[in-house]
Amino acid sequence: RFVTQALFEHWSDFGCPAYAQFDNDTRFQGAHQHRDVIGRVTRLCLSLGIVPVFTPVRETGFQAAVESLNNRWQQKVWHRLHHESLESLCERSARYTAAARRKTTLRQERAPLRQPMPEGFRFDAQARPQGKLIYLRRTDDEGQARMLGRVFKVQEHWVYRLVRAEVDLDQCNIRFYALRRREPAQQGLLCEAPYQLPERRFRD
């Protein structure tokens with residue numbers, strides 16, 4: 001709930017992006033012990049038309065920018081000064097974050113335009129998820145990819161390789177595309193699999 005509120009406030013201030021990248025922590029993805037779990041943060045993204053993208057499991061390279069920012073924040077804010085209260089920490093953090101954003105102004109100006117938060121938007125976690133999710137995964141020795149608590153057969157010759165799995169909740173299918181670091185623009189379709197999210201009440 002805290003993450004969802006923080007994202008809502010951030011996107012209200014700066015606009016809604018086309019996609020948002022997360023790691024596979026349960027705070028972002030949802031519980032891992034059950035199949036077909038679409039967590040609260042994912043549901044917020046989908047309700048705003050934002051495509052959530054989940055990085056490959058245990059591969060930090062895709063999270064390099066986030067980890068770098070986290071490390072700088074710890075050095076400049078958390079470890080540098082003693083904070084008397086949570087309020088003083090938040091104030092210091094806000095100043096640092098604003099300064100960090102000013103340093104990336106040029107990159108932000110070149111980024112695609114963000115859409116404003118829909119007027120009167122109210123998040124309903126019980127609404128049936130619609131839209132698309134993307135999972136970046138690495139296949140195993142049998143060319144299978146694991147996500148949503150399931151194992152999907154991708155291609156027997158595409159082993160230990162990266163794939164981009166595009167889950168279309170409206171069309172009820174998953175498309176698996178080849179993902180190459182050296183040729184990121186070349187993403188050929190490997191296979192397609194039927195997938196339908198079960199009808200059930202969301203349990204927070």
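## The sheet

In this predicted model, six strands form an open sheet in the order β1-β2-β3-β6-β7-β8, and the pairing is mixed. The edge positions go to β1 (19-22) and β8 (189-194). Each has a single partner strand, so one side of each is left without a neighbour in the sheet. From one strand to the next, the twist averages 20°.

Strands of a sheet pair through backbone hydrogen bonds, either parallel or antiparallel. Strands β2 (residues 51-54) and β3 (residues 132-138) run parallel, joined by 2 bridges. Here valine 53 stands opposite isoleucine 134 of β3.

## A helix across the strands

Helix α3 (residues 40-47) lies across β1, β2 and β3. Its direction is at about 140° to β2.

## The nonpolar cores

The largest nonpolar core has 36 residues. Trp11, Val167 and Phe176 touch the most other members. Helices and strands both contribute: α1 (2-14), β1, α3, β3, β4 (144-147), β6 (162-168), β7 (173-179) and β8 each supply at least two residues. Helix α3 gives the largest share, 4 residues.

A second core is separate and has 5 residues. Val53, Ile134, Leu136 and Leu179 are among them. Val53 and Ile134 are also the pair that stand opposite each other in β2 and β3.

## Contacts of valine 167

What does valine 167 contact, leaving aside its neighbours within four places in sequence? The partners are Gly131, Lys132, Leu133, Tyr135, Met147, Leu148, Asn173, Ile174 and Tyr195. Valine 167 is also one of the three residues that touch the most other members of the largest core.

Conventions:
Residues numbered from 1 in each chain as written. Predicted model: local features only at pLDDT ≥ 70, side-chain atom pairs only at ≥ 80, totals over all residues. Heavy atoms only, no water. Pairing = 2+ DSSP bridges. Axes fitted to C-alpha atoms, helices over the stretch in contact; angles between N-to-C directions. Contact = heavy atoms within 4.5 Å. Core = buried A, V, L, I, M, F, W, Y, C linked by side-chain atoms within 4.5 Å. Buried < 20%, exposed > 50% of the residue type's maximum accessible area, 1.4 Å probe, protein only.
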